[in-house]
Every structure is written in C-alpha cells, then in structure tokens.
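Biologist: Could you take me through one part of this model up close? I would love to hear about the charged side chains and how they pair.

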Amino acid sequence: MNQGRRSAWPYLFLTPAVVLFTLFLAVPIGYTVHLAMRRTKVSGLGLGKGARREVFVGFDNFSAALADAELWQGWLRVLGYGALVLVVMLGLALLFALLLDSARVRLARFSRIAIFLPYAVPGVAATLLWGFLYLPSLSPIRSVLDADLLGATTVTYSMANVAVWGGTGFNMLVLYTTLRAIPRDLYEAARLDGASELQIAVRVKIPILTPAIILTTVFSIIATIQVFTEPTTLRPLTNTISSTWSPLMKVYRDAFVTGDLYSAAATSIVIAAVSLVLSFGFLRVVRNHAFGEG
C-alpha cells in the first residue's frame, strides 16, 4: 500500500500542470482546428430558424487563407520589419552583454538595470509613448530629423525602433547570464597568452555564447512573426498602417470586425505553421554550431 501511495505522488503533483495545459492550450487549439474546418451556410434569404447553419468544409478555409493576397502582403511587410528588428536588437544585446562582462566596466549594476528597464514597460504603453514622439505636432525629434516618422516609407522603421527599444534588454540579460556562468579561468588563460579584451570577446566569449545567441534568435523570430501591438497601437495616429498590416492583424480583423471566425481560425493555424517551419528550419541550419550535431 505504501509503495502504491509513493508511486501516485508524481501524478498528483503533475495534475495541476496537466489541467492547466488542457484547459488553456489543448482545448483552445482543438477548438480553433474545429472552427477552421467549418463555415456558415446560408439558405434562402438567411431569415428564419435553420436558415443559417454551420457546415463542415474540410480544408477549404486553409486553401482560401493560402490564396489570400492580403495575407501574403502582410508576410512581406513582416519580413522586412523582422530583418531590421532581429539584426539590430540581437546585435545590440550581444554588444551590451559583452561590454557589461568586460573586466573594466563601471557602474555595471546601474547599466544592467537601465538596459533592461524598457523591457518592463508594457508594449502598448511603450508604443503609445513612442507614437506621441513620432507625431509631427508634438515630437521634439522632428526638429532634428526632417522626416515624417509615421510616413509610408518610414513607419516600418519607427515600429522596428519600438521593438528594438523594448526587446534588447531581455536578450541582453539572457546573453549576460550565460557569460557570467563561464569560468573566469578561461579569460585569465587567454590574457596570459597575450590576448586583448577584444580578442577574448571574439575568440572566447562569442563561440561559447553561440547556443544562447541561437536561442534568443528563435524566440525573436517567433515574436516578430506575431507582431501585433506596435502596428495596432500606432494605427490611429497615421493612415499609413492598414488593418491587415501584419498577419495577426488580419486575423483580428476577420474575427472581430467582419465576424468571420472560420477564416480567422484557419489563418491563425497557417501563422502557427509558418512560425514552426521558420523556427525549426533555423534550428536545423545552425544546430551543428549550437549543439554539435551534424
């Protein structure tokens, strides 16, 4: 009896996690798949009982989503936005992590907090703050830069700036934590061999950081594909951002503006599939450097 009780304890501890996973992840995913394979069929004029009913349509909604020109235009915009965000944000995160881990850094604690602090600001609040700074009538930046920061050619850069400002601190903290776990003896041995701080950073620290860099890149790719807060919050301030600027904005419009839940469900599954393909594709390409696998 005692042995049976002991063997039941692990399952008892796992129960809350299993229940939460089922209620808040498995069930919503299953319901989304259910909606994506159905559509409302209207009979006659759509009046009266039974005139509108839900029917099974298989993969028709997925075919329509894949053939939707608005969705692919949104993907192209997100691709350009992501190229800016990933390069600048991860580059700055790596630079700041290396600087904070250097032997001669001053005010390291204050610098860490100052770099990380923007990440603690909610995305909507941060975008609103930057949005008011972008407005020509309010912006002090306009007096320095003679450009419309919410114009058709600049709005992508303005949104990328918000994402970089908010995400650099988190990625820096991940990389910096990894650096702090490296034995200091490696650096001392490199200095005894005559290596400068720059050589230590390039030849010792960055190679060891490669798995962490890849991890932050994967997280950043997923976050970039799901960009929603920045364009949605800035949209009331300019007419250069459409309601389908990003794929997730199209899902929101279809679900809550036009009321087409079935199309929105199919499009959301397509977005999830693209996220998985890009993330695992990136991992497959770099896994030899990251994990020593061929």
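Modeller: Happily! Arg191 is partly exposed, with a relative accessible area of 28%; that class lies between buried, under 20%, and exposed, over 50%, using a 1.4 Å probe and protein chains only. This is a predicted model, where local features need pLDDT of at least 70 and side-chain atom pairs count only at pLDDT 80 or more, while totals for chains, interfaces and linings use all residues. Residues are numbered from 1 along each chain as its sequence is written, and side-chain values use heavy atoms, leaving out hydrogens and water.

Arg191 makes a salt bridge with Glu188, with the closest N and O atoms 3.3 Å apart; the term means a side-chain nitrogen of Lys or Arg within 4 Å of a carboxyl oxygen of Asp or Glu. Glu188 and Arg191 are separated by about one helical turn, because they sit three residues apart in helix α7 (residues 184-192); helices are DSSP runs of H or I with at least four residues, numbered from the N terminus. Glu188 is partly exposed at 43% relative accessibility. Arg191 also meets the side chain of Glu197 in a salt bridge, at 2.9 Å from N to O, and Glu197 is partly exposed at 29%.

Elsewhere, salt bridges with shared partners link Asp68, Glu70, Lys250, Arg253 and Asp254 into one network. The whole structure holds eleven salt bridges. One of them pairs Asp101 with Lys205, the closest N and O atoms being 3.0 Å apart. Asp101 lies in the loop between α3 and α4 (108-120) and Lys205 in helix α8 (residues 197-225), so this pair ties together parts 104 residues apart in sequence. Both Asp101 and Lys205 are buried.

How values were computed:
Helices (H or I, at least four residues) and strands (E, at least two) are DSSP runs, numbered from the N terminus.
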